[in-house]
Each structure stands twice: as structure tokens, then as C-alpha cells.
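Here is my note on the model you sent over. Have it open beside you and take the points one at a time.

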Amino acid sequence: MKPPAFPPSWRTHAARLLRRGGLALAVASLLAGCSPSDPTPAEGGASPATAYVAVARGKVDIEGGLLSLAMPREGTLATVAVHEGDRVKRGQLLAALDTEPATLAVQAAQAQLDQAQAQLKLLGIKQAAAKQRAQRLAAAAAAGAGDGQSADDAREAAAQIDAEQQSARAALGMAGQKLDEARYELKQRSLLAPFDADVVRVSAQPGASVSPASGPLFVLLPRKPRIVRAELNDSFAAAVRPGMPAEVVAEGGTQARWKAHVLRIGQVYGPATLENDPQIRANARTVECVLTFDQPDTDQTGELRIGQRVTVRFGAAAVPKD
């Protein structure tokens, strides 16, 4: 008996199905060979590592950044009171200019003030005497014992002294303002630390001529808690929220890590300044994300240096203990 004859089109379709089935079997066998046979559970029954919501590059900073201080007035440096690495307190002297010109100005203003006070006192005495004489002459003229012209002249003299006294009060106020200005200028000859800080850089030495245009003489690191400024890619911006926990890992081969949380997220996109690849840096758009450490006053966070590169993992689980 002859086998049934099939049309050529049917035989072609069957060959295609056989080829596809063989390819599917080959792919399945490859995947089976690459995948692990039995997943190994984590030690102690722990669940696998938590997937992070986002990962970003960041750097260590402080609120406000480093503070650069220049001398507020022009002059010759007479004293440089601190060195790099020193810790200074608020109000501590950093440097001072030659104060002799400003001191002489204060003394001159004080002399003008004293003169104005003496002049006002003298006019006060004259005014009292002029008023008393005017009252007596007015009383004598009313009693017929004196002429009215003398009484009028006495009243006019008293009024003139009163006007001179008002002018002397204005001069006294002006002299007081000049003294305050001279004392202020004397204070501007000294540069004081505005808050507790560490001296990072000193670019001054006694005898140098300086001015506000000369640039900063001191760079201070305020003693404030460290923060992290991370560059969050625009694709992750919607997934990160203020208050979200995060893990900060130091770059450079060290395994140091710290707990942190998101403090705020910026509203402006900008370039990726921390990316190493120039092409990615030119095309990526990031938003600044500021994080604060959960324990900012510990010695470990104090070891972080300003500008240090870190990696931030958002939504991380608790930092494992050593």
C-alpha cells in the first residue's frame, strides 16, 4: 500500500514547523544549562538583599559650604593670629591691620564730641542767665521802674541763645555719630571668626598689603553637621521622596557606609557634574538631592571630608553591623 501523497505546500509547512521546534528545544536547553539548579537560601533564613529604588553619585558637604573671608578694609597686616588646622571660636581674632590711623580718628572724634558737650553746657548757663535778666527787666517795665526797650532786648537775647543751644545739640549729635563711625572703622581693621570653625587655608602674613579686592585671606570650615549632595538622574526623580531612608557608601575602595535620609529634593535640573564619563556628563540631566545623616554627631561622620565622593543608595535596608 502506498503512503498517502501530500501536496508540496503542506510538506513545506511541516518542514518549517520542525525547524522551529528544534530551535525552541535548543534555546530551552541552553537556558537550563546556564541557570542554577537549586537556589541557595540566605544564611539564617534571611531574605535576599533589598532592591534599591535609585542609586546616585554624591559628595560630602555642609550647609552653606566653606566660608572665604577677606579683610574688610585696605591696609597693612600687623597680626595673623591663626594657622591652618587651628580650631577657632566665634569672635576669635583671625588677623588685624595696623590700627594707628583708625585709633587717631577715634581720638579726634572723641575730642569733637567733648567740645560739643562743653559748648552746649556753656550755652545752657548763658540761657539761664538771659532768661532771668529778661524776666527781671519785664517785671521792672511793668512796674514803671524800667523801659520797655531794655526788656525787649533781653527777651531777644534769650531767644537767640535758645537757637544757639539747639544748634549745639545738633552739633553734639553729629559729633556722636562721627565717633561711632570712627569706632566702627577701628573694628573693621580686625577680622574675627563669625562662628566656630576649622581653619582650612591661610593666605596672609604680617607685613603684607591687603584690601577687599585682594581675595580671601582665610577659608573656614564651619563646625556644622555633614550633609550629602547627590545628583539624582531625572529618571529616578519621581521615585525618591523627602524622608526616604538611604545608604551612603564611601568611594575609593573603603567599605565604610552610613545611614541617612533624604532631606530635600531640588526643583531645578542641571548637568551631571560628578559623572566620570564626559559623554554621559554632557547628556545626563540630574536634580540635586540633599541627604542628612541619621547620626550626624558621631565620630564616623566627622571623618568624612568635604568634597569626598560617595555613592548613595536610596531605599536601602538598615546598614549591617560589623
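1. Start with Leu-94, which touches Leu-69, Thr-79, Val-80, Ala-81, Val-82, Val-88, Leu-191, Leu-192, Ala-193, Phe-218 and Leu-220, leaving out residues up to four places away in sequence. Please keep in mind that this is a predicted model. Leu-94 sits in strand β5, which covers residues 93-97. Is Leu-94 buried or exposed? With a relative accessibility of 0%, Leu-94 counts as buried, because the cut-off for that word is under 20%. One of its contacts, Leu-69, is 25 residues away along the chain, and the two C-alpha atoms are 9.9 Å apart.

2. Some of those contacts turn up again in a nonpolar core. A core of 19 residues includes Val-82, Leu-191, Ala-193 and Leu-217. Leu-94 touches Val-82, Leu-191 and Ala-193, among others. This core is separate from the largest one, which has 24 residues.

3. Now turn to the largest core. Which of its 24 residues touch the most other members? They are Val-240, Cys-289, Leu-291, Val-312 and Phe-314. At least two residues of this core come from each of β1, β10, β11, β12, β13 and β14 (309-314).

4. Those strands have a shared story. Six strands form a closed barrel in the order β1-β10-β13-β12-β11-β14, and their pairing is antiparallel. From one strand to the next, the twist averages 40°. As a reminder, strands of a sheet pair through backbone hydrogen bonds, either parallel or antiparallel. For a close look at one pair, try β12 (residues 257-271) and β13 (residues 285-293), which are joined in the antiparallel sense over eight bridges. You can find Ala-260 standing opposite Phe-293 of β13.

5. Ala-239 makes a nice contrast with Leu-94. Ala-239 lies in a loop, the one between β10 (226-233) and β11 (245-250). Its relative accessibility is 28%, so Ala-239 counts as partly exposed. Beyond neighbours within four places in sequence, Ala-239 is in contact with Val-53 and Met-244. The C-alpha atoms of Ala-239 and Phe-314 are separated by 9.2 Å, although their positions lie 75 residues apart along the chain.

6. Next, have a look at a polar residue in a helix. Gln-127 belongs to helix α2, residues 100-143. At 10% relative accessibility, Gln-127 counts as buried. What does its side chain meet there? The side chains of Gln-127 and Asp-162 are joined by a polar contact of 2.6 Å. Apart from residues within four places in sequence, Gln-127 is in contact with Ile-161, Asp-162 and Gln-165.

7. Charged pairs deserve a point of their own. Side chains of opposite charge can pair when their charged atoms come close. How many salt bridges are there? The count comes to nine. In one of them, the side chains of Arg-57 and Glu-275 meet at 3.5 Å, N to O. Arg-57 is in strand β1 (residues 54-62) and Glu-275 in the loop between β12 and α4 (278-283), so this pair ties together parts that are 218 residues apart in sequence. Arg-57 is partly exposed, with a relative accessible area of 30%. A network of salt bridges links Arg-57, Glu-251 and Glu-275.

8. Two further salt bridges are worth finding on your screen. The side chains of Arg-264 and Glu-63 meet at 3.2 Å, N to O. This pair links distant parts of the chain, with Arg-264 in strand β12 and Glu-63 in the loop between β1 and β2 (67-69), 201 residues apart. Both partners count as partly exposed, Arg-264 at 35% relative accessibility and Glu-63 at 32%. Asp-198 forms a salt bridge with Arg-87, and their closest N and O atoms are 3.2 Å apart. Here Asp-198 is in strand β7 (residues 197-202) and Arg-87 in strand β4 (residues 87-88), 111 residues apart. Arg-87 is exposed, with a relative accessible area of 56%.

9. Finally, step back to the whole chain. How many helices and strands does the chain have? There are five helices and 14 strands. Of its 322 residues, 29% count as buried. Among contacts between residues at least 6 apart in sequence, 77% join residues at least 24 apart.

Technical notes. Residues numbered from 1 in each chain as written. Predicted model: local features only at pLDDT ≥ 70, side-chain atom pairs only at ≥ 80, totals over all residues. Heavy atoms only, no water. Helix = DSSP H or I, 4+ residues; strand = E, 2+ residues; numbered from the N terminus. Buried < 20%, exposed > 50% of the residue type's maximum accessible area, 1.4 Å probe, protein only. Contact = heavy atoms within 4.5 Å. Pairing = 2+ DSSP bridges. Axes fitted to C-alpha atoms, helices over the stretch in contact; angles between N-to-C directions. Polar contact = N/O pair within 3.5 Å; in protein donor to acceptor, adjacent residues only side chain to side chain. Salt bridge = Lys/Arg side-chain N within 4 Å of Asp/Glu carboxyl O. Core = buried A, V, L, I, M, F, W, Y, C linked by side-chain atoms within 4.5 Å.
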